[in-house]
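Work through the exercises below with the sequence and the model side by side. Try each task before you read its solution.

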Amino acid sequence: MTSEADPLTLVLVGPMAAGKTSVGRRVARKLGVPFVDTDKRVVAAHGPVPAIFEQHGEAHFRALERAAVAEALGTGGVISLGGGAVTDAATRTLLIEHPVVFLTVTPAAVADRIHSGGRPLLAGDDPVGRWTQIFEQRRDWYDEVASVTFDTSRRPMQRIADDIVAWRRELG
Ligand code: S3P
């Protein structure tokens, strides 16, 4: 699927706390296109993510997420996906032929970013250990869908956003 609606569409994927939302907002502002966070769309329509996991299970959340991704791609703009969206084969298929930016981050940098809660998969002891394990399980899927990779561990989000904007503009 291509986005006729917006020629500067791009998708951000990557593990939890990689900076998809903060980088995505900045990229969208600079490109002058809308920003869509598919998690926020799901929450707006169906309530908080932990409650969806608890009451209906992860598979149900993935289906809601897939629908939100499809809808966002139809509209276009900068689209930030939840960290686990790539685990769903049908969601990965939706991403084919779209420019996809994979944001990576080290466990050390993530440790400072994941204290706020709201992520059911990191609940409990040792969230950084859980995060690392989940990232390793998903890395091949991120690589499969990615057109390009940027690391967010050590540089300001604005600089990373500027690099992504430059990369996207070169694509035309
Ligand atoms: C998830 C990541 C979250 C959210 C949900 C599940 C995951 O999004 O979609 O908690 O499976 O990695 P962020 O990557 O924005 O934290």
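**Exercise 1. Find the accessible surface of the chain and the share of it that belongs to carbon and sulfur atoms.**

Solution. The chain's accessible surface is about 8200 Å². Carbon and sulfur atoms hold 52% of that surface. Such areas come from the Shrake-Rupley method with a 1.4 Å probe; for residues, only the protein chains shown count as cover.

Before going on, note the ground rules. This is a predicted model, with residues numbered from 1 along each chain as its sequence is written. Local features need pLDDT of at least 70, side-chain atom pairs count only at pLDDT 80 or more, totals for chains, interfaces and linings use all residues, and side-chain values use heavy atoms, with hydrogens and water left out.

**Exercise 2. Describe the overall dimensions and burial of the chain.**

Solution. Start with the box. Along the principal axes, the C-alpha atoms fill roughly 45 × 35 × 25 Å. Next, take the radius of gyration, computed over C-alpha atoms; the globule rule is 2.2 Å times the number of residues to the power 0.38. For 172 residues, a compact globule would come out near 16 Å, and the chain's 15 Å agrees. Then check burial. Buried means under 20% relative accessible area, exposed over 50%, and partly exposed in between (1.4 Å probe, protein chains only). By that rule, 47% of the 172 residues are buried.

**Exercise 3. Lay out the secondary structure, then ask how far apart in sequence the contacts reach.**

Solution. Count the elements: eight helices and five strands. Helices (H or I, at least four residues) and strands (E, at least two) are DSSP runs, numbered from the N terminus. Their order is β-α-β-α-α-α-β-α-β-α-α-β-α. Now the contacts, meaning heavy atoms within 4.5 Å. Take those between residues at least 6 apart in sequence: 76% join residues at least 24 apart.

**Exercise 4. Locate the largest nonpolar core and name the members that touch the most others.**

Solution. A nonpolar core is a set of buried Ala, Val, Leu, Ile, Met, Phe, Trp, Tyr and Cys residues joined through side-chain atoms within 4.5 Å. The largest has 44 residues. V13, V27, L95, V101, L103 and I164 touch the most other members. Helix α8 (residues 157-171) gives the most to this core, with six residues. A second, separate core has seven residues, including V49, F53, F61 and L64.

Zoom in on L103. Set aside its neighbours within four places in sequence. Its contacts then include L12, V13, K20, V23, F150, I160 and I164.

**Exercise 5. Which aromatic residues cluster with W131, and how is the W131 and F135 pair arranged?**

Solution. Search the whole structure: there are five aromatic pairs. Rings of Phe, Tyr and Trp (its six-membered ring) pair if their centres lie within 6.5 Å; planes under 30 degrees apart count as stacked, over 60 as edge-to-face and the rest as tilted. W131 and F135 are tilted, at 5.2 Å centre to centre and 50° between the planes. Both residues lie in helix α7 (residues 127-145), four residues apart, about one turn of the helix. Both are buried. The cluster consists of F102, W131, F135 and Y142.

Add the charge. The charged end of R139 sits over the F135 ring, 4.4 Å from its centre. The test for this is NZ of Lys or CZ of Arg within 6 Å of the ring centre and within 35 degrees of the ring normal.

**Exercise 6. Find the phi angles of A17 and D126, and place both residues.**

Solution. Recall the background: most residues other than glycine have a negative phi. A17 has a positive phi, near 70°. A17 sits in the loop between β1 (10-13) and α1 (20-31). A17 is buried, because its relative accessibility is 9%. For D126, phi is also positive, about 55°. D126 sits in the loop between α6 (107-111) and α7.

**Exercise 7. Is T91 buried or exposed, and which residues does T91 contact?**

Solution. Place T91 in helix α5 (residues 89-95). T91 counts as buried because its relative accessibility is 1%. Leave aside neighbours within four places in sequence: T91 contacts R66, V69 and A85. Finally, T91 and D39 are 52 residues apart in sequence and 14 Å apart in space, C-alpha to C-alpha.
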